[in-house]
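Visitor: I have a structure to go through before I return to the bench. Could you walk me through it?

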Amino acid sequence: MRITLLLFTLFAFSLPANAGMFSTIDDRANQISAQLEGNNSYHAHLARELANVAVEEKGQHDVTAALEFIRMAEDHAAQAGGSK
Amino acid sequence: MIKRIITLTASLSLAACAGYTDINIGVDELAEARAAIADAKTAGAERCAPKLQAQAVASLYWAGHELEESGNYDAGDHAEEEAMLVARAVAKAKEAKAASKGACMPEIIKLSGIQFPHDSARLTPAATAILDNAVKTLQKRSTIKVEVAAHTDSSGSNEYNLALSERRAASVMNYLGTHGISSSRLTSKGYGESQPIVSNATKEGRTANRRVELRVMN
């Protein structure tokens, strides 16, 4: 029974991890930073700020908030048009 | 007991997988920050003080998130953080508004590396490669209008440099226009030697001053 419970727990927590929810916020924030290098438009700055918030929320273990903020950051990065 | 643990585990997993609703910044507690940001935007802060305005907006959204978590602005563990974020949003927006008063420099999209042959407005292959990237940027940022601004160093007379820069600006604008950018989004202007970015005393300085850039006009 204990083994079953252990396996179930591992499986249950592996789902969000496998979906990249625990491991990719930092990567996505870094990607935004690289993508917007040299871009000083409003949307570029906002994308960076929101990505920082996402990383901060992830640090506080609020993964859902981190995902929302990184999604917003990516939206603004797209509006900023990337690097220049 | 085991059933409870399984239920708790499953609930945590589902909670982690659940989508996050859009952050609500329309609540009364954020009214002051919203108003300050709107004021700054009206004053042109997105163009004139983009970093400050972005910091204000990000703080507003963060405060909105914290508010949703606690459910009450005046209570809960997040109250202090919410108040700090709202205060930051208001302060940054006011700074942005103040920085936007009077004339401010337009956003400049640098076209680093564009050089022309001596006394010529002909585009080299290296220059067109840079301009192809500029075309992509302008296609992504489809709402902006730009002025193609060309500059020379101080060698030669003012009149000669002004005329040369006008020809070079027109050449770049023509390239952008023939590569998919609507002419209604483009203007060109030659500034001659009037706006150096470094001293013209050295060869490196003169090379840096001979440049073309895109000035965002809206």
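The questions below take up confidence, chain A, the cores and the sheet in turn.

Visitor: What ipTM does the model score?
Guide: This is a predicted model, so its scores come before its details. The pTM is 0.59 and the ipTM is 0.75.

Visitor: In which helix of chain B is confidence lowest?
Guide: The mean pLDDT of chain B is 87, and 87% of its residues reach 70 or more. Over residues 11-21 of chain B, however, pLDDT stays under 50, and the model has 14 contacts beyond four places in sequence for that stretch. By helix, α7(B) has the highest confidence at a mean of 96, while the lowest, at a mean of 51, falls in residues 2-17, helix α1 of chain B.

Visitor: How many helices are there in chain A?
Guide: Chain A has 0 strands. Its pattern along the sequence is α-α-α-α. The number of helices in chain A is 4.

Visitor: What share of the residues in chain A is buried?
Guide: A residue counts as buried if 20 or more other C-beta atoms lie within 10 Å of its own. Chain A has 84 residues, and the buried share is 43%.

Visitor: How many residues has the largest nonpolar core?
Guide: Helices α2, α3 and α4 of chain A and α2, α3, α4 and α5 of chain B each supply at least two residues of this core. Those with the most contacts inside it are A:Ala47, A:Leu50, A:Ala54, A:Ala73, B:Leu60 and B:Ala89. The largest nonpolar core has 48 residues.

Visitor: Which residue of chain B does A:Leu50 touch, not counting residues up to four places away in sequence?
Guide: Within chain A, A:Leu50 touches A:Phe69, A:Met72, A:Ala73 and A:His76. From chain B, A:Leu50 touches B:Ala58.

Visitor: How many residues has the other core, which lies apart from the largest?
Guide: Among the members of this other core are B:Leu111, B:Ile114, B:Ala127 and B:Ala169. Its size is 17 residues.

Visitor: Which are the edge strands of the sheet in chain B?
Guide: The sheet is open, with 4 strands in mixed pairing and the order β1-β4-β2-β3. An edge strand here pairs on one side only. The edge strands are β1 (108-110) and β3 (186-190) of chain B.

Visitor: Which residue stands opposite B:Ala150?
Guide: Strands β2 (residues 146-151) and β4 (residues 211-216) of chain B run antiparallel and are joined by 6 bridges. Opposite B:Ala150, in β4(B), stands B:Val212.

Visitor: Which helix packs on the sheet?
Guide: The helix touches β2, β3 and β4 of chain B. Its direction makes about 160° with that of β3(B). It spans residues 158-177 of chain B and is α7.

Conventions
Residues numbered from 1 in each chain as written. Chains lettered and ligands numbered in written order. Predicted model: local features only at pLDDT ≥ 70, side-chain atom pairs only at ≥ 80, totals over all residues. Pairing = 2+ DSSP bridges. Contact = placed C-beta atoms within 7 Å. Axes fitted to C-alpha atoms, helices over the stretch in contact; angles between N-to-C directions. Core = buried A, V, L, I, M, F, W, Y, C linked by C-beta atoms within 7 Å. Buried ≥ 20, exposed ≤ 12 C-beta atoms within 10 Å, placed from the backbone. pLDDT = per-residue confidence, 0-100.
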